[in-house]
Amino acid sequence: MSKLVRTTADVMFLFITVFGFYIVLHGHLTPGGGFQGGAIVAGGFILLIVANRLEDFLKWFQKRSFQSCEVSGLVLFIGTALAAIPLGYIFFKNFLNGAGGLFGQAVPFGINSGILNTAGTIPIMNIAVGIEVLGGLSIIVLYMTSGIRSHEEGE
């Protein structure tokens, strides 16, 4: 790819990543959420893979880091679901809703006020799903790209 394409991809990666995280964090207030935001952020990484050589991308980001994202998203999701049980609630109970503190503010009546500190455990679940999808989609594309590369070298 030309230097213009690589530079544009590097600049666009920042905007795509910020937009993806915006979608993840506002998922309980607007359309979107963890899956959609994680797919957008993974799309930013895929743009870097396409614009640069695979070897250059693997110098910046290792496959292990995307695998760690996938595992940490899953652990955060399951941990949040299990955290309700010691508090005397059922599995997946929204125990933070209306409790005060982080994501525990009560939702005001009326139109969407846009307050991020609401919805209880739902934003935490969105963040976990976003991290999981980011890692999963990125690692799938990395393995597909590596397979294509090794197939082309073998012929």
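This is a short tour of a predicted model, stop by stop, with something to select at each one.

Residues are numbered from 1 along each chain as its sequence is written. Local features need pLDDT of at least 70 and side-chain atom pairs count only at pLDDT 80 or more, while totals for chains, interfaces and linings use all residues; side-chain values use heavy atoms, with hydrogens and water left out.

**Stop 1: helix 1 and helix 2**

Select residues 3–25, which is helix 1. Helices here are DSSP runs of H or I with at least four residues, strands are E runs of at least two, and both are numbered from the N terminus. Helix 1 has 23 residues that should span 33 Å at 1.5 Å a residue, and its end C-alpha atoms are 33 Å apart, which agrees. The expected span is 1.5 Å times one less than the number of residues.

Now add helix 2, residues 34–51. Its 18 residues reach 26 Å from first C-alpha to last, close to the 26 Å expected.

How do the two pack? The angle between helix 1 and helix 2 is about 170°, and their axes are 8 Å apart. Axes are lines fitted to C-alpha atoms, for helices over the stretch in contact, and angles run from 0 to 180 degrees between N-to-C directions. That makes helix 1 roughly antiparallel to helix 2 (over 145 degrees; under 35 is roughly parallel, 65 to 115 roughly perpendicular, the rest oblique). Colour the residues of this contact by type and you get 15 nonpolar, seven polar and two charged. Nonpolar covers Ala, Val, Leu, Ile, Met, Phe, Trp, Tyr, Cys and Pro; charged covers Asp, Glu, Lys and Arg; the others, Gly among them, are polar.

For buried positions (under 20% relative accessible area; exposed is over 50%, partly exposed in between, with a 1.4 Å probe and protein chains only), try Ala9, Thr17 and Gly20 among those in helix 1. In helix 2, the buried residues include Gly37, Gly38, Val41 and Leu48.

For contrast, click Leu14 in helix 1. With 53% relative accessibility, Leu14 counts as exposed. Gly135 is 121 residues from Leu14 in sequence and 17 Å away in space, C-alpha to C-alpha.

**Stop 2: the phenylalanines**

The whole structure holds six aromatic pairs. Rings of Phe, Tyr and Trp (its six-membered ring) pair if their centres lie within 6.5 Å; planes under 30 degrees apart count as stacked, over 60 as edge-to-face and the rest as tilted.

Show Phe13 and Phe45: their ring centres are 5.0 Å apart and their planes are at 70°, so the pair is edge-to-face. Phe13 sits in helix 1 and Phe45 in helix 2, 32 residues apart. Both are buried.

Next, add Phe61. Phe45 and Phe61 also form an edge-to-face pair, 5.0 Å centre to centre with 90° between the planes. Phe61 is in the loop between helix 3 and helix 4 (63–82), so this pair ties together parts 16 residues apart in sequence. Phe45 has a relative accessible area of 9%, whereas Phe61, at 26%, counts as partly exposed. Add Phe57 and Phe66 too, and you have one aromatic cluster with Phe13, Phe45 and Phe61.

**Stop 3: two loop residues**

Go to Asn52, in the loop between helix 2 and helix 3 (54–60). Asn52 is buried at 9% relative accessibility. What does Asn52 touch, leaving aside neighbours within four places in sequence? Its contacts (heavy atoms within 4.5 Å) are Arg6, Asp10 and Trp60.

Finish at Ala119, in the loop between helix 4 and helix 5 (122–154). Check its phi: near 85°, a positive value in a residue other than glycine. Ala119 is buried, at 13%.
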